[in-house]
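Notebook open. I want to look up the strand pairing first, then any enclosed space.

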Amino acid sequence: ANTAVAFHGDVDAGIALSRSGRRLLLEPEPLFLATAEARFLKRVVEQASVAELRKIRSATFVKPAAPVDKRVFDAGVYRDGRDITLRTHETELPLLVSEPVCWLVEYRCFVLHGRVVDATTYASNGRFFRYGEGRWPTHEVESQTVRQLAEEFAAAHVADLPPAYVVDVGLTSDRGWAVIETNAAWCATLYGCDPSLVMDVLLACCCMAEKARRRCRRESRRS
């Protein structure tokens with residue numbers, strides 16, 4: 001019988017598990033955000049290459065698109081792409097660039113089949129959550145707004161996203177609420193989220209490799 005397995009850990013351990021051939025860890029496509037609907041992002045987000053990175057001459061937020069590449073350079077706002085120190089000689093890295101945004105408060109939402117199972121603030125005015133502080137206080141109306149936006153975003157991109165993932169939502173200083181980014185749930189920090197609620201998300205992320213391959217074959221035939 002198939003045994004349900006949940007995985008939550010760092011990227012290297014997740015890659016090792018996937019390469020074992022027994023399990024497949026689901027996650028959003030690294031460059032997905034560059035194709036997401038602009039009405040949810042409230043800013044321009046684009047795919048970029050390393051060569052294009054070096055041409056940046058104005059304030060731009062830059063990050064490696066794939067979790068496995070997060071150590072390649074430090075994500076952040078750069079005014080000159082030549083100042084970015086790459087810790088690799090790889091030239092085909094998937095990158096995301098966007099106009100800088102000031103986030104007043106940031107939420108992490110764990111999503112399962114289009115519904116937010118739990119959400120919590122993880123940053124406020126640039127200060128990040130620290131373990132031992134418990135759940136940060138949130139306003140009920142604010143929390144409802146976050147959940148609604150995250151679920152509307154999920155519904156609009158149901159064909160492009162896996163059944164379980166993380167979406168971060170934030171309040172900007174001048175554009176209202178917007179989606180910050182999507183990430184794999186299996187390597188995402190829980191912050192103040194309830195592990196018992198997040199468990200179902202992690203179980204859905206970690207699927208039998210053969211089952212996933214059969215699903216891919218069915219989808220290929222339909223397309």
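I started with strand E3 (residues 60–64): 3 bridges join it to E4, and the two run antiparallel. Strands here are DSSP runs (E, at least two residues), numbered from the N terminus, and two strands pair if DSSP finds at least two bridges between them. I looked up one bridge by residue: Thr60 has Tyr78 of E4 as its partner.

A note on what I'm reading: this is a predicted model, with pLDDT of at least 70 needed for local features and 80 or more for side-chain atom pairs, while totals for chains, interfaces and linings use all residues. Residues count from 1 along each chain as its sequence is written, and side-chain values use heavy atoms, leaving out hydrogens and water.

Next, the whole sheet. It is open, with 4 strands in the order E2-E5-E3-E4 and antiparallel pairing. E2 (45–48) and E4 (76–78) sit at the edges with a single partner strand each, so one side of each has no neighbour in the sheet.

Then I checked for cavities (1 Å grid over the protein atoms alone; points where a 1.4 Å probe fits but cannot get out; lining residues have an atom within 4 Å of a point). I found 1 cavity of 30 Å³ or more. Its volume is about 120 Å³, taken as the space filled by probe spheres set on grid points joined across faces, edges and corners.

I listed 13 lining residues, with Glu29, Pro30, Ala65, Thr182 and Asn183 closest to the centre. Strand E10 (residues 177–183) gives the largest share of the lining, 3 residues.

Key. 1 Å grid on protein atoms, 1.4 Å probe; cavity = no way out; pocket = protein on both sides within 12 Å on 5 of 7 lines; lining within 4 Å.
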